[in-house]
Every structure is written in structure tokens, then in C-alpha cells.
Amino acid sequence: MSGLSEEAKQKIRDLLPRYPSKQALTLPALHIAQEEARCVSRQAVHDIADLLELAPSQIHDTLSFYGFFKDEKHPLGDNRIWVCRSLACMLRGGDELLAEVCERLHVAPGQTTADGKATIELAECLGACDGAPCILVNDKLQLRMTADAVVSLAEGRA
Amino acid sequence: MSFEPVLLRRRGKPNSQSLESYRADGGYTALKKALAMEAPKVIEAVQKSGLRGRGGAGFSTGLKWTFLPKDVQGPIYLCINGDESEPGTFNNRVLLEDDPHQVLEGIVISGYATKSTTAYLYLRYEYGDCYRTCEKAIEEMYANNLLGKNILGSDYSLDIYLHRGACAYICGEETGLIESLEGKRAWPRIKPPFPAIEGAFRRPTVVNNIETMACVTQILDRGPEWFQSIGIASEHPKDPGSYGPKLYCISGHVNNPGLVELPLGVTARELIDKHAGGVWKGRKAKAVVPGGISMGFLSADELDTKLDFAGPGKAGCLGLGTAAVIVIDDQTSMVDVLYNTCRFFAHESCGQCTPCREGTAWSAKILARIRAGQGTLKDLDTLTDISNSIGIMPGTTICGLADGAAWPIKNALKKFRPEFEEYITSGRRSQSFEVVGSH
């Protein structure tokens, strides 16, 4: 598995003046890495550690705290779709929505569809309770969702 | 007298996010006023207004600023907490999506008052639209001398940087946020030292909420007396009162979920009936979350509770929290509701303190067992025991996440105990289900 591209490394270096410590670049760097490769490979962890003058284990320690980052054995699909299961969504059919979406796409939460188009995830409150049940597609919220709408998004038809 | 919204007054206007439209509505005059004042006078004005932080704890904003050491050499950091993740809460999202300059103006004013050199706006990853809106607004500010060196010709200089989170509730705890900003796992710190003395990068730091920043802008614009004229006055010398307008989030089983701005102290009943179109499907409310799920539950008999800083506590809830109201109708099982809150906290416990890590996990497991029809009455005592032994209040954890996990359990078992007992003794199973996945 390849590590960070030169372009990604430069993006990280460009952010250095913003923070008084290099370690503070850890989260921004992990975001840049995952955006580029749909996962954070072990080589990318080493590359980030080199850039920030830290041990790879320090990067990995932070990475593993957040359920957000995927390793190279579990890369994300083209789109990452988070279905909210917290209280406001549960009260308006969030659990049923998630169940139907998983059944129709033949995945369990955390898995990617066979065609690689979508990864379905469980989310805790997405902050769009006014539009429950809601989902997050990559980093864009979608309110008042139906299973048909989510499946369309997952299949890349919407 | 009808109340005119202030914080949301620009919502829905065409192009409300742009600097041009914000300025056309009088934007950045508050900043000009502030820069013409001595910094301590700005702090004084905010203290005088009675503004209490809108993030959940309700601590006096001006007073927090005075805790910074005097005559600091070197940087002071301002961290803006945009990690809004408390279930039911979305007011910061609306503010940043629709009127980012109102918040950013408040950040520059607060930065000036506290003599901060850099502001980090820590934004939860899920708010991608907010991120892009703020990114554009900040660019406009730099291009118009509202950020950077010598803002509006003054001696004051400030940079604001956006910093994106990675989907962890605990980053909303102020020292968890600081650890996360520093690139570490978001484990809250033992206090003292408080952030004002030793915060981000071991420097004096202020952490403030997004809505608080919007309030600061309006206080400088309209004056502390205006802010003090709204809300519920202090009831006794030790009560700091509940002043100003507040954004209330309403969700769950109501006809019109949404965000409304009202004077602090509206009752839960008025919010539901007058501002959210009533409970849906002609049903009645069984329970109402007063301010995000960590605050617990009001029962149907307690809907006349005032939602000011003191009100929910009088009804046995933890507090006003984020003023995010979730309505639960009379057809919903409180066992399912409590399972949902317990599972949330088990998922979001950062794992640093054993009582929280284990207590939240056990309570979720016990509720799952009850939902599977295998609960015993003794389980309810065990749940009560857990809820009484995790948190800052019993003194067993570093941060308040566990208190927030405990409160829904305490309230549910006190106010709805017969329902739990009936559920267990009748051998019922949950009608709702759960999809299990690896996350």
C-alpha cells in the first residue's frame, strides 16, 4: 500500500504555521490522508509521523481513538453514508430506516456494498434532529430521509 | 408583547451568509464599538449583561474571561467549541450555516476582550456545510481587514483557524476539545489547572460556545441592558439569573420540529403547543427531554417547567443543558428510550475513567437484556446503583459525561418506574429492533 502523495504532504506542510506544535497537525493530516486514499494506510501513518516528527505509534494512538479513520484492509466505498440512530431520529423511524437500507443493500453497518459504491455506517446524533430521520453523506447532511432516498444515494443514482 | 428574534433575525434572508449582506444589516458595527473600548470594558459589558455560556454548563462568560492571568507574556488561545453533539441539539449548525458572520464577529470581539492571539474554531466533522460557509466567511474577513494584522486599523491582530473533529462526542468537553486540538486522543483533563491558567498548548485559554459568540455580538451592539431586559431575573443572591434570548431546538414527536428563539424561561408546554404545532398524531406527551438527553426527562405532569437555567433542576433534571427539547409521545416505550440513551453514552464514553467506561457499558447491556424479555426487577436496582456511582458528583470520574449518562437513568427510574416493572414482570419484548454493526 502506498503512503501519502507529494501533494498531500505539501497540504500538511502548508498548515504548519497555524499551530504552535507539530502534533496538532495530527487530525488535519489524518483527514487529508483519508480523503486521498479512502483509508489511512500504515505507510501513511509513517509518512505523517515523519512530517510531524513523532513516533508512528503516537499517530496511531490518536487515529484509533476516533472510529472515523479506516485502515487499508477496510477502505471506504465511493460514498460514506451515516444513518443516525440517536433518540430524535429513533423516535421518527431511524432504526427502521437503517434496517431497511441494510437489507436492500446487503450490508451490515460498517460494511461496503459489493460494487464498492457505498459504505453504510451507524451514527450517533448528527445534529439535524429537525429533519429526523437524517443521514450524513460524506460530510453533507440530508434531512427527512426515506429508505428509497438513501438507497438511491448509495447506488449513486441521486 | 411578542418577542422579535435577534440571533435568528437574518435566517432565511437571501445570501444571509455573505459579508456584504451582513454589513448591509449593520454587521461589524459591534466590533467597531468594541475596538474603541478598552478590553477590560468589553469584559465588563459582557459580565453586566448576565450572559451565561450556551454550551450546557451555563457558566458566566464574562467571569470566565476574568480568570485569565493578568499581564500574560506570549500567546493566549481562544477555542470556539463547535463540536455540537448532544442528541437533540442543532442550534450551532443553523447559526453557522445561515449567519456565520454574526458568530465570527463575536469571536473577534471575544478575542479582543481576552487579548487572545489565535482563535481555533473546533467544528464537528459532520457539519461540512458549516465548514465551507465559515471557510468562505473567514476569507472575506481577511480580505476586508476584519481578521489578520491590525483589525480595522486598530492595534489588535487575530487569526481564526477552522479545525475539524472526527466524530467523537467527548470533544465537546472543553479539555477533551483541547487535547483533540493538540492532536491527541480526546481524554478530558483533571482540573485544576483550568484552561484559563493552562489550556491549549499549555497556554492560557478560553473555551466558548458558538451561540455564546453570537450573543456577545448582540450584547456589544445593543448593550448589556437590552440583554438583561430579556429572560428570568435572579431569584436570590447566589442565582446568576437567566438573561437574554435563547435558541430552543425542538425535535421528536411534534408536528413541526425546528429551531426557535425565545426569551429564556419559556415553559416546555408552550414550546410544544405554541411553537412546534403540538404533539404529533393527536397524541399526548409522555416524557420530554429538557436540554439534550444528558439532562434527563420531564414527565407529562412537569410540562409547565420553565426552561431557564434553574427550571429543569427544580424538576429533578440535571439542568437546562443545550435547551434541546425532545418530545416523546404516549405510544413510546420508556424502556426503548432509556436503552437508546444508555447505548449512546456507552458508545461515546472515552474510556479513560473506569466507572464511566464500565458503568455506561453495563447499563446499556442491562437495558438490552430487559428489552429481550430477560430482565429482572433486581436489574432496576443495579441500574440505580450505577447511576448513583458514576460521574463528577459522586467524585468518580474526570469529566461530566458520566453524570449525563446517569441522569436519564435516575429520572426514568424515578418518574416511570411502574412502566419498567410492568415491562419486566409481563415478560414483554421490545417492538423496536436494532441493527448491529461494527462501528
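A residue is called buried here if 20 or more other C-beta atoms lie within 10 Å of its own, exposed if 12 or fewer do, and partly exposed in between, with C-beta atoms placed from the backbone. Please keep in mind that this is a predicted model: local features need pLDDT of at least 70, side-chain atom pairs count only at pLDDT 80 or more, and totals for chains, interfaces and linings use all residues. Residues are numbered from 1 along each chain as its sequence is written, while chains are lettered from A and ligands numbered from 1 in the order in which they are written.

1. Let us start with helix 16 of chain B (helices are DSSP runs of H or I of at least four residues, strands are runs of E of at least two, and both are numbered from the N terminus). Helix 16 is mostly covered, with 12 of its 15 residues buried. Among them are L401(B), W407(B), I409(B) and K415(B). The buried residues pack against strand 10, helix 13, helix 14 and helix 15 of chain B, where contact means C-beta atoms, placed from the backbone, within 7 Å.

2. The length of helix 16 of chain B also checks out: at 1.5 Å a residue, its 15 residues should span 21 Å, and the end C-alpha atoms are 22 Å apart, which agrees. The expected span is 1.5 Å times one less than the number of residues.

3. Its neighbour, helix 15 of chain B, has L383(B), I386(B) and S387(B) buried. They cover an arc of only 95 degrees around the axis, which puts them on the same side of the helix; the arc is that of the directions from the helix axis to the C-beta atoms. The face turned away from that buried side carries the exposed residues L377(B), K378(B), D381(B) and D385(B). Just after helix 15 of chain B, G391(B) takes a positive phi of about 135 degrees.

4. In chain A, have a look at strand 2 (residues 118-123): six of its six residues are buried, so it is largely enclosed by the rest of the structure. A118(A), I120(A) and L122(A) cover one side, with T119(A), E121(A) and A123(A) on the other. Strand 1 of chain A runs parallel to strand 2, joined by six bridges, and W82(A) has E121(A) as its bridge partner. Strands pair if DSSP finds at least two bridges between them.

5. Finally, the interface: 41 residues of chain A are in contact with 51 residues of chain B. On the chain A side, helix 6 gives the most, with four residues.

Technical notes: Contact = placed C-beta atoms within 7 Å.
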